[in-house]
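Colleague: I would like to go through the charged side-chain pairs with you. Could you take them one at a time?

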Amino acid sequence: MSDTPSISLDQVAHHAGAVLKSVQSVIVGKDEPLKLVLAGILAGGHILLEDLPGLGKTLTARCFAQSLGLDFRRLQFTPDLLPADVTGSLLYNQKSGEFVYRKGPVHTNLLLADEINRTPPKTQSALLEAMQERQVSVEGETHLLPEPFTVLATSNPVEFEGTYQLPEAQLDRFLLRVSFGYPTPDEEWEVLQRRISRRAESVDLAPVIDAATLVGMQKALENVTVEDSVGRYMVAITNATRGHAQVQVGASPRGSLALLLASRALAVLSGRDFVTPDDVKGVAGAALAHRITLKPELWMRRIDPASVVADICHGVAAPQTAQAPTYSAASATPIDGSQASPRPLASRKLAEQ
């Protein structure tokens, strides 16, 4: 976008807090997963929402699309879906006597790929080029996708009837994999109370920002500082997945890049312009668990890959950094979007202890 506004990290924190607060007005009790989803969007990546049916995956995608002011398309993945139904196809125009490209639903800012693992791998592969290169190729012609472009895919557990295992190459295209889990009884009762009070099934959220602002926020994350010690910590965690006793195939260097991108976004959501080891550990499970393959004997024991990543993070020594860094003069609005008590972003320098 040529008219992308220049946005400071303080403004990114303010806008992100407002978006998060808007989505939290609908989604109850899932603050940490929602923060991870927003971090993935800010990092310019794609997110896989994998969980049981009925836990708010589709609603989450719709709420983020509305709050971010993005063009939104929902594509229901079914066993009979064809690749052309995703990317678009050439249609013959009788008036002009020429074939004209009809854009598919992938030409949007935020694509909800609903129940992506209910369609065969042939159709799933239609998204690979779009997710990696932000373009689609049809009959030898390349068509660029709009900016920003994010895929929010929902996936049911593979034990469910009619599901296909996602290929490793496609799983690797997702920056983060996030799960919500069941709500507590109090949270579930609050869901019912909100449904009673709004007296309608559908929920419409007013846009908090627009597409151009989101692109500016994504570009501003390049200004988040990552110290060498923290960067090497990311590499050490990724490298540890390749030698772990329970892992058959470890994470590729794309896993290290996922840690870098997602931890920078999480740092800004926490009101800082530098990445800490806690930011890295905060995104490690979502960034790496779907990139590793456990040994076959562990599948029967239902070992969760996220628990293996947590064990790896526990075993890798984190770099020691200053507990009270200095602060710059710039101020940032609290992450909840309120105006009550401005909080400065920490300066980019972290002194080694």
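Modeller: A salt bridge here is a side-chain nitrogen of Lys or Arg within 4 Å of a carboxyl oxygen of Asp or Glu. Keep in mind that this is a predicted model.

Colleague: How many salt bridges does the count come to by this rule?

Modeller: The rule asks for a nitrogen and a carboxyl oxygen within 4 Å. Counted this way, the salt bridges come to 10.

Colleague: What is the N to O distance between the side chains of Arg73 and Asp71?

Modeller: Arg73 is partly exposed, at 35% relative accessibility. Asp71 is also partly exposed, at 37%. Their side chains meet in a salt bridge, and the distance from N to O is 3.9 Å.

Colleague: How many residues apart in sequence are the parts that Arg74 and Asp114 tie together?

Modeller: The side chains of Arg74 and Asp114 form a salt bridge, at 2.6 Å from N to O. Arg74 belongs to strand 2 (residues 72-76) and Asp114 to strand 5 (residues 110-114), so the pair joins parts whose separation in sequence is 40 residues.

Colleague: Is Asp114 buried or exposed?

Modeller: Its partner Arg74 is partly exposed, with 41% relative accessibility. Buried means under 20% relative accessible area. Asp114 has 4%, so Asp114 counts as buried.

Colleague: Which residue meets Asp279 in a salt bridge?

Modeller: Asp279 is buried, and its partner is buried too. The two side chains are 2.7 Å apart, N to O, and the partner is Arg272.

Colleague: Which residues are linked with Asp172 in a network of salt bridges?

Modeller: An Asp can offer a carboxyl oxygen, and an Arg a side-chain nitrogen. In this network Asp172 is linked with Arg254 and Arg291.

Definitions and conventions:
Residues numbered from 1 in each chain as written. Predicted model: local features only at pLDDT ≥ 70, side-chain atom pairs only at ≥ 80, totals over all residues. Heavy atoms only, no water. Buried < 20%, exposed > 50% of the residue type's maximum accessible area, 1.4 Å probe, protein only. Helix = DSSP H or I, 4+ residues; strand = E, 2+ residues; numbered from the N terminus.
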